[in-house]
Amino acid sequence: MTLPSKPVIETALAHRSIRKFTDEPISSEQLTAILNAGRAGSTSNFFQSTHIIRVTDPEVRTQIRDIGRALSSIDTCAELLIFCFDFAKHQSFAPESQLDWTEMVLIGAVDCGIIAQNVMLAAESLGLGGVYLGYIRNDINRTAEILKLPKYVVPMFGMALGHPAQDPMLRPRLPLEAMVSENHYQPIDSQVLADYRALTRAYYQERSKMDTDWAEQMTESLKGGIRPEILPFLHKQGFARK
């Protein structure tokens, strides 16, 4: 069955995080198409190391919601998906696999990101909306406990999907000249940064009456330690020991 969908570039350029949803469900045909789009994503060395957990149990959904902070998007979304990188399947048939190399973490994380973006793009092409939920790593041990994750599986982020009940502004991205260079790395130009700071300050003021800009937000976000329990958790799961 072919579902009507929007063109891919138009869909990608219109991406916004949707945090409020109607109570309309996602059809089984839509969900299957969305997950198959994710499954078709590129994967390093054909490892296919992504595992998606579809959370349908209300109690499990509540437990996931309450990690770190309660999010209304989890209460109202039609589908809650948790993306993990999974080498337990590989270890099950190749028990001598050397999975403790740090490179395996990078491979798993990249694969998860590719699959998830395919899922998000497919959902948006069908008129749905969604938001990534990185906060599940605020207490990564608790997330793993709730989802009963075995060794060699790491939860990366969640994704809430549903029919949009809001129409937020597009968040202005860095211009291409700040993200793309030719032949070698190019530091961000001071004027390009100044212009972008002014653009994002206007955005924050219009959206939420906040007197801030992108650089100020990033400076605040990068202060201090960021989820220091991640490395011990990776070690516990059998990764990043060398």
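1. Strand β4. In this predicted model, β4 is largely enclosed by the rest of the structure, because ten of its ten residues are buried. The strand covers residues 153-162. Burial here means a relative accessible area under 20%.

2. The sheet around β4. Four strands make up an open, antiparallel sheet, and their order is β1-β2-β4-β3. The edges are formed by β1 (50-55) and β3 (129-133), each of which pairs on one side only. Ignoring direction, neighbouring strands of the sheet are turned by 25° against each other on average. As a general point, strands of a sheet pair through backbone hydrogen bonds, either parallel or antiparallel.

3. Pairing, strand by strand. β1 is joined to β2 (residues 79-86) by six bridges, with the two strands running antiparallel. Within that pairing, Ile52 has Phe83 of β2 as its bridge partner. β2 and β4 are antiparallel too, and eight bridges connect them; here Leu80 is partnered by Ala160 of β4. On the other edge, β3 and β4 run antiparallel and are joined by five bridges, and the partner of Tyr132 in β4 is Met159. These residue pairs can be used to check the strand register in a viewer.

4. Helix α7. Which residues of α7 are buried? In this helix, residues 140-147, they are Ile140, Thr143, Ala144, Ile146 and Leu147. Viewed down the helix axis, the buried residues lie within an arc of 160°, so they line one face of α7. The general background is that an α-helix has 3.6 residues a turn, so residues three or four places apart point the same way. The cover over the buried residues of α7 includes three strands of the sheet described above, β1, β2 and β4, along with the helices α3 (58-65) and α10 (230-236).

5. The loop between α7 and β4. Two residues of this loop deserve a look at their backbone angles. Lys148 follows α7 and lies in the loop between α7 and β4. Its phi is positive, about 55°, although Lys148 is not a glycine. Tyr152 is found in the loop between α7 and β4 as well, and Tyr152 has a positive phi of about 75°, again without being a glycine. Are these two residues buried or exposed? Lys148 counts as exposed, because its relative accessibility is 73% and the exposed class begins over 50%. Tyr152 counts as buried, with a relative accessibility of 17%.

6. His163. This residue sits in the loop between β4 and α8 (190-208). His163 is buried, at a relative accessible area of 13%. What does the side chain of His163 reach at 3.1 Å? The partner is the backbone oxygen of Pro25. Leaving out residues up to four places away in sequence, His163 touches Lys20, Phe21, Thr22, Glu24, Pro25, Ile26, Gln30 and Leu128. Pro25 therefore appears both in this contact list and as the polar partner of the His163 side chain, given that contact means heavy atoms within 4.5 Å.

7. Ser49. This residue is placed in the loop between α2 (28-39) and β1. Ser49 counts as buried, its relative accessibility being 0%. The side chains of Ser49 and Asp111 are joined by a polar contact of 3.1 Å. Setting aside neighbours within four places in sequence, Ser49 is in contact with Thr43, Cys84, Phe85, Asp86, Phe87, His90, Ile107, Gly108 and Asp111. A further distance concerns Glu96: the C-alpha atoms of Ser49 and Glu96 are separated by 17 Å, and the two residues are 47 apart along the chain.

8. Annotation from the record. An unreviewed UniProt entry lists residues 14-67 and 109-163 under "domain: Nitroreductase". In the model, the end C-alpha atoms of residues 14-67 are 30 Å apart, and this span is 37% helix and 11% strand. For residues 109-163 the end C-alpha atoms lie 28 Å apart, and the span is 45% helix and 27% strand.

Terms used: Residues numbered from 1 in each chain as written. Predicted model: local features only at pLDDT ≥ 70, side-chain atom pairs only at ≥ 80, totals over all residues. Heavy atoms only, no water. Pairing = 2+ DSSP bridges. Axes fitted to C-alpha atoms, helices over the stretch in contact; angles between N-to-C directions. Buried < 20%, exposed > 50% of the residue type's maximum accessible area, 1.4 Å probe, protein only. Polar contact = N/O pair within 3.5 Å; in protein donor to acceptor, adjacent residues only side chain to side chain. UniProt positions renumbered as here; feature names shortened; annotations may be inferred. Arc of directions from axis to C-beta.
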